Amino acid sequence: MRLIHLTDPHLSNLDGLKLSTLVGKRWSGYVSWRKNRQKKYLPGVLEKLCVAVKAEKADQILLTGDLIQIGLRSEIDQAAEWLAGLGSAEQVMLVPGNHDIYARGSAAAVNECWTEYLFHGGLRGHYPVLRKLGKLSLIGLSSACVTPLFMATGKLESGQLEELTRLLEAAAAEQQTTCLLIHHPPLPQMAEWRKALTNAAALHAVLERFPPLLIFHGHLHHNREQQWGNARIFCTAAASSVSDASYRVIDIEDAGECWVLRMTLKSVVRGSDGELAFVSVDEQGWSVPR
Ligand SMILES: [Fe+2]
Ligand SMILES: [Fe+2]
């Protein structure tokens, strides 16, 4: 079984916006896009990454949020078109990021326009989301919420941790192995306070009882990994980053007594002909008892 992780494409273009309609956090987000993000995150890079990702023939593409910049309906529509180009809702599993749920009204539009990718036939607006791929249960959490100016924290709103515990208990009873998707770094001390998951300690306590095989997150815009017991936690660089756009290919084989895994990290390089390509920059293999 092949999974691909990509995250934080920040794909929307804010040119042509009526600036008088932007207030508060959206105004500061627009200024940040205009001054910095617009130069760092390029549609051309993302386009090449998507071509490379499609050629990998993954069973499931895992997308951990921040598709857009400031949570406007027009951006959410742009991202819906991009999602359809990336793959079907059967192939692509999405959880939202803080730039998707950026301001009041963003969540309703995201839930409406990206419904199938987020909830896949489940209850709209309800997290965690569960998808089963054979003996692997993919669980999506939403850590995205509207935050004050200059803050990018996340939170698992009430009910998600309880429901997650129930899902993990059921998976253990069914001998399903779990894999978690969340936008924010999931454990304490993984991000500075301004960007952290505010109830990471509570999530940590749940995951200690039912450790997953893999956790994928975004938000940090860097390639990073951490081993936590038998689990591996992966963050992947922003999918449109001009300097280090990346995706991860995870091949998982059921070897009876254990899972055999191989992770290949592919990052952007510019060839001598000026063309962008994605090449392997890290490969690892490991196995985990079932
Ligand atoms: Fe991001
Ligand atoms: Fe983020």
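In this report, a residue is called buried when its relative accessible area is under 20%, exposed when it is over 50%, and partly exposed in between (1.4 Å probe, protein chains only). By that criterion Asp 66 and His 183 are both buried.

The model is predicted: local features need pLDDT of at least 70 and side-chain atom pairs count only at pLDDT 80 or more, while totals for chains, interfaces and linings use all residues. Residues are numbered from 1 along each chain as its sequence is written, chains are lettered from A and ligands numbered from 1 in the order in which they are written, and side-chain values use heavy atoms, with hydrogens and water left out.

## The two iron sites

Donors are taken as N, O and S atoms within 2.8 Å of the metal (3.2 Å for Na, K and Ca); water is not among the atoms, so sites may look incomplete. Four donors count as tetrahedral if all angles lie between 85 and 135 degrees; four count as square planar and six as octahedral if opposite donors are over 155 degrees apart and all others between 65 and 115, and anything else is irregular. The two sites are set out below.

| Ion | Protein donors | Distance | Angles among donors | Spacing along the chain |
|---|---|---|---|---|
| Iron ion (ligand 1) | Asp 8 (OD), His 10 (NE2), Asp 66 (OD), His 221 (NE2) | 2.1 to 2.2 Å | 89 to 170° | D-x1-H-x55-D-x154-H |
| Iron ion (ligand 2) | Asp 66 (OD), Asn 98 (OD1), His 183 (NE2), His 219 (ND1) | 2.1 to 2.2 Å | 88 to 163° | D-x31-N-x84-H-x35-H |

The site of the iron ion (ligand 1) is irregular, and the site of the iron ion (ligand 2) is likewise classed as irregular. For reference, ideal angles at a metal are 109.5 degrees for four tetrahedral donors, and 90 or 180 degrees for six octahedral ones.

Asp 66 bridges the iron ion (ligand 1) and the iron ion (ligand 2), and the two ions lie 3.5 Å apart. The pair Asp 8 and Asp 66 links distant parts of the chain, 58 residues apart: Asp 8 is in the loop between β1 and α1, and Asp 66 in the loop between β2 and α3. Helices (H or I, at least four residues) and strands (E, at least two) are DSSP runs, numbered from the N terminus.

On the side of the iron ion (ligand 2), the donor spacing D-x31-N-x84-H-x35-H includes a long-range pair. Asp 66 lies in the loop between β2 (60-63) and α3 (73-86) and His 183 in the loop between β6 (177-181) and α7 (200-209), so these two residues tie together parts that are 117 residues apart in sequence.

## The surroundings of Asp 66

A salt bridge is a side-chain nitrogen of Lys or Arg within 4 Å of a carboxyl oxygen of Asp or Glu. Lys and Arg count as positive and Asp and Glu as negative, while His and the chain ends are not counted. On these terms Asp 66 is buried yet has no salt bridge, and the nearest side chain of opposite charge, Arg 37, is 5.7 Å away.

A polar contact is a pair of N or O atoms within 3.5 Å; within protein, one must be able to donate a hydrogen and the other to accept it, and residues adjacent in sequence count only if both atoms are side-chain atoms. The side chain of Asp 66 makes such a contact with the side chain of His 183 at 3.2 Å, and reaches the backbone nitrogen of His 99 at 2.8 Å. Contact in general means heavy atoms within 4.5 Å. Not counting residues up to four places away in sequence, Asp 66 touches, among others, Pro 9, Gly 97, His 99 and Asp 100, and also the donor residues Asp 8, His 10, Asn 98, His 183, His 219 and His 221.

## Backbone features and neighbouring residues

Most residues other than glycine have a negative phi, and most peptide bonds are trans. Asp 8, in the loop between β1 (2-6) and α1 (24-40), has a positive phi near 50°. Asp 8 is buried because its relative accessibility is 0%. His 219, in the loop between β7 (214-217) and β8 (224-228), has a positive phi near 80°; its relative accessible area is 7%, so His 219 is also buried. A cis peptide bond, with omega about 0°, joins Tyr 127 and Pro 128, and Pro 128 is found in the loop between α5 (115-119) and β4 (129-133).

Thr 7 is found in the loop between β1 and α1 and is buried, with a relative accessible area of 0%. The side chain of Thr 7 makes a polar contact with the side chain of Asp 8 at 2.6 Å. Leaving aside neighbours within four places in sequence, the contacts of Thr 7 include Leu 63, Thr 64, Gly 65, His 217 and Gly 218.
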